[in-house]
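Please read the following with the model open beside the text. The account begins with a single residue and its surroundings, and then widens to the whole chain.

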Amino acid sequence: MSGAGAGWSRGGRALTAGKLMLAWIALLWLLEVADVVSGHALDGFGVTPRAPSELVDVVPSAFIHFGFGHLAANTVPLLVLGFLAALAGLRRFLLVCALIVIVDGLGVWLIAPAHTNTAGASGLIFGLFGFLLITGFVERRPLGVLVGILIAAIWGGSILAGLAPTQTGVSWQGHLLGLLAGVAAAFLFRRPAASRALAS
């Protein structure tokens, strides 16, 4: 492929990734508007631990937030980390997100404190952080390593703070499980050596 063709391909991937994440964020904000208008009826889609009927909320809980402040805090990191993760391909990105959301939601259902209701995109954010942090090392791609170092420098402090069990009103369990799921996804969905060479 010519240099111009490769540049167009990279630009096309960036445009597609950007559109996807903007649509994702728009959906989250529309859902929160609907939640407020309905008197917070959507909050019931959060996960309450160890109740069998709550298993159906494992995936929806990642799209529901407890107020605009909660959603606003998640918007920028989800937009940026999602965009970076989606640059390597939408199919892999969606598989990574699905794994993180399902593992995180099931883990919260299993180990979160009783009588709590957990929802929000932060588990996915922590998962994408973990994925981007190590995928460059797993695939031995210098650019990926650099991306991992940069996001660690920007968000590393917030990630560590979000893992502290002493915080009230924050699901550190969801954060930890999301992070671990993202690290696992970097290994499970690593690109073959030939694909890595072409994408470098």
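A contact is taken here to mean heavy atoms within 4.5 Å. By that criterion Thr135 touches Arg92, Arg141 and Ala186, when residues up to four places away in sequence are not counted. Thr135 is found in helix H4, residues 122-139, where helices (H or I, at least four residues) and strands (E, at least two) are DSSP runs numbered from the N terminus. Thr135 counts as buried because its relative accessibility is 4%; buried means under 20% relative accessible area, exposed over 50%, and partly exposed in between, with a 1.4 Å probe and protein chains only.

All of this describes a predicted model, in which local features need pLDDT of at least 70 and side-chain atom pairs count only at pLDDT 80 or more, while totals for chains, interfaces and linings use all residues. Residues are numbered from 1 along each chain as its sequence is written, and side-chain values use heavy atoms, with hydrogens and water left out.

Helix H1 covers residues 3-37 and contains Lys19, which counts as exposed because its relative accessibility is 56%. The C-alpha atoms of Lys19 and Leu146 are separated by 24 Å, with these positions 127 residues apart along the chain. Val36 also has its place in H1, and at 37% relative accessibility Val36 counts as partly exposed.

The unreviewed UniProt entry places a "Peptidase S54 rhomboid" domain at residues 54-191, and it lists transmembrane regions at residues 63-86, 93-112, 118-138, 145-164 and 170-189; UniProt positions follow the numbering used here, feature names are shortened, and annotations may be inferred rather than shown by experiment. In the model, residues 54-191 are 70% helix and 0% strand, with end C-alpha atoms 35 Å apart. Residues 93-112 are 95% helix and 0% strand, and their end C-alpha atoms lie 27 Å apart, whereas residues 118-138 are 81% helix and 0% strand, with end C-alpha atoms 31 Å apart.

The protein chain as a whole has seven helices and zero strands. Its C-alpha atoms fill a box of roughly 55 × 30 × 30 Å along the principal axes. The radius of gyration, taken over C-alpha atoms, is compared with a globule rule of 2.2 Å times the number of residues to the power 0.38; the chain has 17 Å, which agrees with the value near 16 Å for a compact globule of 200 residues. Of these 200 residues, 42% count as buried, and residues 24 or more positions apart account for 77% of the contacts with a separation of 6 or more.
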